[in-house]
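Visitor: I'm new to this one. Could you take me on a close look at a single part, the largest pocket, and tell me what lines it?

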Amino acid sequence: MSFISKTPLFRGCTEEDIQNMAEHLDFRTSRYGKGDVIFGAGSIVTDIGLVLSGSVQIEHTDLWGNKSLLGITPAGGVFAESYACIPNEPMIVDAVANEDCDILFISVPRLFMPCPACCSQNRLIQNLVMISAGKNIQLSKRSLHTSPKTIRGRLFSYFSQQVSAQGSNKITIPFDRQQLADYLNLDRSALSKELGKMKNDGLIEYNKNTFKIKIDIK
């Protein structure tokens, strides 16, 4: 319970509060291997997934097999909350284990049922609203990053946001090359080629997922 109490979803809740909520909210844990589909597109879900260890990739695959990466939920984060809060709304994305992970499932219908023993339930709902609002902002940012027509323009947009967020021209991103390509809706080979050109042009330096931006791109 110590780790759970430190997550954004349970911010402000004590371990005793969480113990009191566990039965009412039907806490259940499951373990998944890398690549396992936790929730698939078309699924009707009623549970929030809280990542206890590892990470979960949220992605969309079209009819032609083209994949778009919408984000990665790290340990301590939640996923599927929007679908769980809207009855009978099928998911249009897949939640896939990005690595071996442990997931705590929490019943949303029970969250909105009053429970005299769960005095911190309202705090949990407030936290959930804040998390959902934050994710909407992140999706808006992704839309901005994918709007430029050129690969370099998309990279500049994404790097600009990361420099601003991390407060440094040396940044570490949460994606590998394939994930970055999927996130920006790009072909991986084309992305890698453009990164090489930008390095040769003296615009960036990089090692794996760490980049040094050598010009002010704000």
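Guide: Here is a walk around that pocket, with a stop at the sheet that shares a strand with it. One thing to keep in mind as we go: this is a predicted model.

Let's begin with the space itself. The largest pocket has a volume of about 910 Å³. Its lining counts 31 residues, and if you want to find the middle, look for Leu70, Gly71, Thr73, Lys135 and Gln138, which lie nearest the centre. As for character, the lining splits into 18 nonpolar residues, 11 polar ones and just two charged.

Which elements do those residues come from? At least two each are supplied by strand S5, strand S6 (78-79), helix H3 (81-85), helix H5 (121-146) and helix H6 (151-166). Helix H5 gives the most, with eight residues.

Now follow S5 away from the pocket. Strand S5 (67-74) is an edge strand of a sheet, pairing on one side only. That sheet is open and has four strands, in the order S2-S7-S4-S5, with antiparallel pairing. In general, strands of a sheet pair through backbone hydrogen bonds, either parallel or antiparallel. From one strand to the next, the twist averages 35°.

At the other edge sits strand S2 (37-39), which likewise pairs on one side only. Two bridges join S2 to strand S7 (residues 94-97), and the two run antiparallel. To spot one of these contacts, find Phe39: its bridge partner in S7 is Ala95.

So much for the tour: strand S5 is an edge of the sheet, and S5 also supplies at least two residues of the pocket's lining.

Definitions and conventions. Residues numbered from 1 in each chain as written. Predicted model: local features only at pLDDT ≥ 70, side-chain atom pairs only at ≥ 80, totals over all residues. Heavy atoms only, no water. Pairing = 2+ DSSP bridges. Axes fitted to C-alpha atoms, helices over the stretch in contact; angles between N-to-C directions. 1 Å grid on protein atoms, 1.4 Å probe; cavity = no way out; pocket = protein on both sides within 12 Å on 5 of 7 lines; lining within 4 Å. Points joined across faces, edges and corners; volume = space filled by probe spheres on them. Nonpolar A, V, L, I, M, F, W, Y, C, P; charged D, E, K, R; others polar.
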